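Below is a walk through the contacts between chains, followed by a look at one helix. Please keep the model in view while reading.

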Amino acid sequence: MTRAVERPQDSVAAADDPRLKDNETRNAFVTLGVLAIVLAVLPFVLNERFESIAVLTLIFALMAVAWNLMSGFGGLFSFGHAAFFGIGAYVDAYLVVEYGISPWIAMLLGAALATLVGIAIAFLCLRYQLAGAYFALATFAFAQMFLLLVQNLEFLHKTEGFNLPILGGESFWMLQFRQGSDLYIWIPAAILVLALAGVILYVHSRPGQFVQAVRDDAVAAASLGINVMRTKLIAVGLSCALTAVAGAFYTQYYFFVGPQQAFGAQVSIEAIIPAVIGGIGTIWGPLVGALIVGPLAELIDSVLRDPPAFIGFLQGVAGLDVAIYAALLIVIVLFMPKGIYGTLKERWRR
Amino acid sequence: MQERTWAASEAPDSDAAVGGIEKYRLPLAVAAAVPVVLVLIYTVGDKDTGLVTQSVVTGLLLGGVYALVSIGLTLIFGVLGVINFAHGAMLSLSMFLVFWLTSTLGLPVYLATVVAVPLMLGFGFVVQGGLLNRLTVSGNHEGSLLVTLGLSLLITNVLLMIFGGRPLSVPGSLEGAWRVFGAIASYERLIAFGGALLVALALTLVLNKTSFGMCIRAVSANSQGAALVGVNVGRVYALTFGIGSACVAVAGGLLAPFLSLTPTVGEEFTILAFVIVVLGGLGSVVGAMVGGIVIGLVQTVGALYLPGTGSLILVFAVFVIVLLFRPQGIFGVTR
Amino acid sequence: MQKLIGVAAMTVASIALVACGGEGAEGEVEDIVIGAVHPLSGALAGAGTTMSHAAEMAVKDLNEAGGIECLDGAQLRLAAGDSKGAAATGQSEAQRLIDEGSVALVGTYQSDVTQNVSAVAERAGVPLVIDVAVDDAILEQGYKNTFRIQPNATSMGTDGGAALLKMAEENGQSIDKVSYIHVEGAFGQSVFDAFEAEAQSAGVDVEEITYSPANFSDATTVVRQAASGNPDVILATGYYPDGLLIAKAVQQLNPDIQAVYGIANGAFDNGPFPSDAGPAGEGVLSANYHYDANDERVQDIRKRFQERYNEPMETAAVLTYQAVEVIKAALDQACSDDPMEVRNAIADIEIEDPLLAFDGPIVFDETGQNENATVIAMQVLDEKIEQVYPAEFKAADLAYPAK
C-alpha cells in the first residue's frame, strides 16, 4: 500500500550516505529550532483564555507524534494507544495521590511500564503474525480490557478515578502551578520539541531506517539481515513511552482522571486523527495535524456561539458543531488522502 | 501486497472439496462445546434451573440481535477490508428512519423496516461510491478509517440536531411474550431472531448462487485479479457497502421496538460487532450468526457467575485468544 | 527550507485562528456573567440541552424581575458551555467561562466532568453550584468552592430505603427480603451500599444483582435472577433505558412481589416513562429528588418552559433553574460581583421555599452539600407520575402493594 515515505527505494542506502543524511537531518533540526522559538513565545502572544486549548493541542501533538512512530514509520496500525496513555495517566495519578511521589518520577515510571506492556502486546501479536486490521483490532481489544479491568480494581478506585490534591502553591517538582501559568504550555512544548528531536534522530538512524524498510517490504528487509522483530519492537517501545508521558501530563494538567478519560476508545482515536490528518509516516505530519485538529473544534464552537447574521438561526443547535467538525475531517481526508503535510510535500517535490 | 494482510479476505468457500472434513473440525467443536457447557451449568452449576433456562433463552435471543447487527459488518469488513466505524451510527440512522416512518406516516413498525431497507441500501451505495471508493481502491486504510469515523460523528450529530437527545420509543409493535420451559421470550425479540436467520439465509444465497455474489467473492479474494477479468471493482465495493447497509436497516427496524432510541444507541453494538465478526471469520455470514449467538450466551450465562463488566472481560479474553491462535475466525478458511 | 516555512506558517495560522476566535465578549462589561457547563452534544445531549435552556430561562426571569438590585439593577448574562460529555472538554469550557468573567459556574450533569470542573473552580477561586452530579466523591476532595443542591448517592440510598420501609409499614405490609438490581460503577454502588446498611439495620435481607452499563439491551435475566429469591420488593438503580427494560421484564415475568421500587432511578419518575412503558409502568414506585409538583411557582415555571422550548422541564432542569437562583441570591447578599465574595455568600445562604421537594430550606454544610436535600416517593398511577410520599408532598394516594 502507498505511504508517504521519505525515500522508498533507497531508504537503507540513505542511512549509509553521510551527505544525504547530514543535509536532511540539518534541515529538520533548523525547522525544529524555529518551532521551538514559536512555542516559547506562544504564551506571550496567546490570550490566557486559550491556554487550555493550546495545552490540549500539545497533548494531541504528543500522542500523534508517538502514534506515528509505531504506526506511521513502523507500519503497525495501533488502535489501542489508549492503553499506553492510560497507563501513563494512572501511574502518575496513583503514585502522586497515594505516595506523594514527584510527577516527574511517576512520568518516567509510567513510561517504563507502558513500554514493557506495549512491547509485550506487540510481541504477542507479531509472534502470531497479526498484521493490518487484525493487529489494529488486537490492540483495541487490549485497551478495552484495561478499561474494564481498571473499572473493577478497588486500588485504582474503580469507576471513580483519581483527583490530584491541589497544593495551593506552585511547585516545579510537583508539576503544579497556578491556573493559566505559562509553564503549563512550556512544559509540554519542551517535551514535544525533545520528542521531535528524538524522532528526527531515530528516523535517520539505523533502527529507524530499518523499521521503514521492514514496513515497506519485510521479506526483503529480513533477507538483508535485518532483525524484523527487534526493529519493530524498538519503534513500539519508543511510541508507548512517549504516549505514557502525554498521559501523565494529562493527569497533571486536568487534576482528575477516570477510566474513560484514560482508557476510553476515544483516546485511541484522538491519537490517530491528527496523525492521519497531517500525514502519517512523516516527521512533521502529526504536528501539523494536531495544530489543525486541536483548535478546530473550539474555533467552530466560537463561530457558532456568536454566529454571523446570515447563519444566526443556527445558534444553539445542539450537535451542529460536532457535525461540522466531522464534515471537515471527511473533506480533508478525501482531498488530501496522504494528509495535509504529506500531500503538500508531494506537490513541492514535483 | 499489503492488501492481503489488511483484508485477509477469505470469503466463505462453499467448495467442501478443498478442505474436506478438516475444515469443519473447529466449527463442529464449537457447536458441540456450547451444549456441553450448558449441560455442565445445569448439573453442577449450582444455580436455579429456571434461571439458567431464562439466561440461555435470553442469551440466544440477544445473540440473534448481535448477529443481525454483525452480518452487515462482516460483509463490509470482509470484502472491503475497511474497519467501518460508522456501523453503529448507521444502525442508529436506520432506527430513527423507522421511527420517523412510524411516527409521521403512521406505518406499522415492520412495514417501515421494509421501506427502510432500500433507502439504506441507496445510502450505503452512495457513501461507498461517493466517499470511500477512491481510498479503498488505492488501499489507503487509514484514510477510510478516518472517513467512516467522521461519518459516524456526522450521522450521530445530525440525528441529534433533528430528533434531539431525549430517548424516544417506536410505538405500536407486538407486545407480549412466549413462555418456553418456564422462560420468557418476548415476541419482538423472537421476530428479531427470525429476522437474523432470514437475513443470513438470504445473504448466503445471494453470495453463493448469483453471479453478482460471485463477483463479490471474486473481488474479496483478489481484487486485482477480478479487475483483470472485467469486474468493475468500484461498483462491487459500492454495492457491497449498500447490501451491508441494507442488513443494518433490517437490524435497526427489528431492534427499534425494544430499545430506547437516542442518537448514540447504535454505537453500543459496534465494539461487540467487531468481536463477533472476527470470531466468526471475516466475510463469513454463518460465522457472524454463530459468533453472535456464542457472544450472546457468554454474556448472559457468564453474567450468572461474573456479573456486570466481568462477563465483558470474558468476551474480550475470548476475542484476543481467537485473534492470536485463529485469526481467520471459527468459520474462516485456514491459510 | 520549504518545509520550515510550511510548519512555521501552519503554526502562525493556527495561533491566529485561535486568537481571533472569541472576540466580542467585550463591550457588555456591566453584565454579571454566570457560566453553565452541560453536555450539549454526545450521548447525554438530551438532558444537557434542557438544563442549559433552564439556565437561560432562569437568567431571563431574574433579569425581568429587576436584576441585582444592590448593584444598581445589574443584569445577568448566561455564558453556556458544551462539555460534549467529556471531562477534558468540560474543563476547558469551564476555564473559558471563567476567563470570560463568570462570577459562578453551574453544572454539569455528569460526575466525572464535575470532578474536573470543580478542580478548575477551586483553583480559579470561582464558586461552582452543582445542579446534577451524584457521586459522593465530588465533595470529598475538601474543595471550598463547590456546592451541591441535590442529595448525594449515599443519602438517596438511605432516605430511599427508609421511605420504602415506612410506606410498607403504613400499609400493613412487612418486608423481609428484597432484591436490588443496580448499574455498576460508583453511582449505583454507593446508592446500593447506603440502602443495604439502612435495610439491614431494619432486619431486611438484601440480595444484590449488578449489570454493566455498556451493552445492556435485555433485562430478562437480571430480573429473573432478582425474582428467583422470592423477594418482597424488587429495587432498581440505573439510567433511563435500563429502567425501562427492567420494568418491562418485570411485567413479563410477573413475579409475586409487593412493588417495583427505584431509588435514584433515571427512568421511573421521568416524564416519558409512563407512555414508553405502557402497562409495565403502572404502579412502579420511585424514590428520587424531584421538583415539588404541588408548588405553584414550580407549576408556573414548568408551564412557561414547556411553552417556550416545547419540551417538558424535568427535575434536572428545575435543579439548574434553582442553581441559578442560588447564585442570584448570593449576589444580592454579597452585594458584589467578586467571585470569592459570592462564594462566601453561597456558603452562608438560606433559600426558603426551594423548587425541589426537600426537607427544608437550601443550606450548605461545610463540605458544600445541601443539608436538607432528600428524596420523595412517586408512583405511576393511571399513566401519570404522582407524588405519593411523604404526606407533605402528597398529590395522590399511594397504591401499596402496587401489584
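Two residues are in contact if their C-beta atoms, placed from the backbone, lie within 7 Å. The model is a predicted one, in which local features need pLDDT of at least 70 and side-chain atom pairs count only at pLDDT 80 or more, while totals for chains, interfaces and linings use all residues. Residues are numbered from 1 along each chain as its sequence is written, and chains are lettered from A and ligands numbered from 1 in the order in which they are written.

By that contact rule, 30 residues of chain B touch 26 residues of chain C. On the side of chain B, two or more residues each come from helix H4 (49-80), helix H7 (141-163), strand E2 (183-186), helix H12 (267-280), helix H13 (285-305) and H14 of chain B. Helices (H or I, at least four residues) and strands (E, at least two) are DSSP runs, numbered from the N terminus. H4(B) gives the largest share of this side, seven residues. The side of chain B comprises 12 nonpolar, 15 polar and three charged residues; here Ala, Val, Leu, Ile, Met, Phe, Trp, Tyr, Cys and Pro count as nonpolar, Asp, Glu, Lys and Arg as charged, and the others, Gly among them, as polar.

Chain C also meets chain A, with 41 residues of chain C in contact with 45 residues of chain A. The elements of chain C that supply two or more residues to this side are helix H1 (2-21), helix H2 (45-64), helix H3 (87-99) and helix H4 (111-124). The largest share, 14 residues, is that of H1(C). By class, this side of chain C has 16 nonpolar, 16 polar and nine charged residues.

Between chains A and B, helix H6 (residues 132-152) of chain A packs on helix H14 (residues 309-325) of chain B at an angle of about 155 degrees, with the axes 9 Å apart. The two are therefore roughly antiparallel (an angle over 145 degrees). Residues of this contact include Leu137(A), Ala141(A) and Leu148(A) from H6(A), and Ile313(B), Phe316(B) and Val320(B) from H14(B). The contact holds 13 nonpolar, four polar and no charged residues.

How many buried residues are there among the 20 residues of H3(B)? The count is zero, and H3(B) is hardly covered; buried requires 20 or more other C-beta atoms within 10 Å of a residue's own, placed from the backbone. After H3(B) comes Asp46(B), whose phi is positive, near 60 degrees.

Definitions and conventions. Buried ≥ 20, exposed ≤ 12 C-beta atoms within 10 Å, placed from the backbone. Axes fitted to C-alpha atoms, helices over the stretch in contact; angles between N-to-C directions. Parallel < 35°, antiparallel > 145°, perpendicular 65-115°, else oblique.
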